[in-house]
Amino acid sequence: MAIFKINGIENSIDQKVAVGYAQLCLMYALDDGLPHSQKQISEQWGISKTTLNTIVKRWQQEGLLVLNKIPGKRREMEICLTEEGILRAKKALESVYMAEDAAIKQTMEKYSEKFVEALEYYAESLEKVVATFEEKEIHHNEQ
């Protein structure tokens with residue numbers, strides 16, 4: 001239930017910062033200043049490719065991001081925020097980062113840094129287990 005509660009809180013953040021959840025995830029992903037492909041963001045952040053592509057096209061038209069060719073890739077493009085995009089992301093993410101920092105500090109005071117390691121391990125384990133379910137389902141449907 002705690003994971004669902006966290007997801008619900010994260011989904012409600014978009015109302016507080018007046019940015020849609022998928023848009024907030026994209027800002028978060030690009031806020032590290034590194035280029036990322038749409039495929040990479042879709043996989044890492046759980047945003048559907050269609051939703052992500054719609055946001056990318058709109059933001060590109062608004063001048064918030066640019067798409068650059070990735071050397072050695074035919075169709076994949078890297079997404080980079082423009083200066084205006086960086087400013088908008090910083091503004092939207094400022095209160096999110098403050099809330100997360102306060103919550104993680106309180107949690108680590110009580111449970112130590114092991115909490116973060118345990119949460120990361122749980123996420124990786126869940127991802128692996130779900131992948132095996134998907135493989136079993138594919139094989140079951142093939143029969």
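Colleague: Which helix gives the most residues to the nonpolar patch on the surface?
Modeller: In this predicted model, Ile-3, Ile-6, Leu-119, Tyr-122, Leu-126, Val-129, Val-130 and Phe-133 together form a nonpolar surface patch with about 660 Å² of accessible area. Two elements, helix H1 (2-17) and helix H6 (114-142), each give two or more residues to the patch. The largest contribution, 6 residues, comes from H6.

Colleague: Is Val-130, in helix H6, buried, partly exposed or exposed?
Modeller: Buried would require under 20% relative accessible area and exposed over 50%. Because its relative accessibility is 35%, Val-130 counts as partly exposed.

Colleague: What geometry does the aromatic pair of Tyr-28 and Trp-45 have?
Modeller: The ring centres of Tyr-28 and Trp-45 lie 5.3 Å apart, and the pair links helix H2 (residues 21-30) with helix H3 (residues 38-45) across 17 residues of the chain. Since planes under 30 degrees apart count as stacked and over 60 as edge-to-face, the angle of 45° makes this pair tilted.

Colleague: Which residues do the ring pairs link into a cluster?
Modeller: Tyr-28 also forms an edge-to-face pair with Tyr-97, at 5.2 Å centre to centre and 90° between the planes. That pair joins helix H2 to helix H5, with the two residues 69 apart. The cluster linked by ring pairs therefore consists of Tyr-28, Trp-45 and Tyr-97.

Colleague: Where is the kink in H5 centred?
Modeller: Helix H5 (residues 83-111) reaches 39 Å from its first C-alpha to its last, close to the 42 Å expected. Nevertheless, H5 has a kink of about 40°, and its buried residues include Ala-92 and Leu-93. The kink is centred on Leu-93.

Methods:
Residues are numbered from 1 along each chain as its sequence is written. This is a predicted model: local features need pLDDT of at least 70, side-chain atom pairs count only at pLDDT 80 or more; totals for chains, interfaces and linings use all residues. Side-chain values use heavy atoms; hydrogens and water are left out. Helices (H or I, at least four residues) and strands (E, at least two) are DSSP runs, numbered from the N terminus. The expected span of a helix is 1.5 Å times one less than its number of residues. The bend at a residue is the angle between axes fitted to the seven residues ending there and the seven starting there. Buried means under 20% relative accessible area, exposed over 50%, partly exposed in between (1.4 Å probe, protein chains only). Patches are made of residues with over 30% relative accessible area and no salt bridge: like charges are joined within 9 Å, nonpolar side chains (Val, Leu, Ile, Met, Phe, Trp, Tyr) within 5 Å. Accessible areas come from the Shrake-Rupley method with a 1.4 Å probe; for residues, only the protein chains shown count as cover. A salt bridge is a side-chain nitrogen of Lys or Arg within 4 Å of a carboxyl oxygen of Asp or Glu. Rings of Phe, Tyr and Trp (its six-membered ring) pair if their centres lie within 6.5 Å; planes under 30 degrees apart count as stacked, over 60 as edge-to-face and the rest as tilted.
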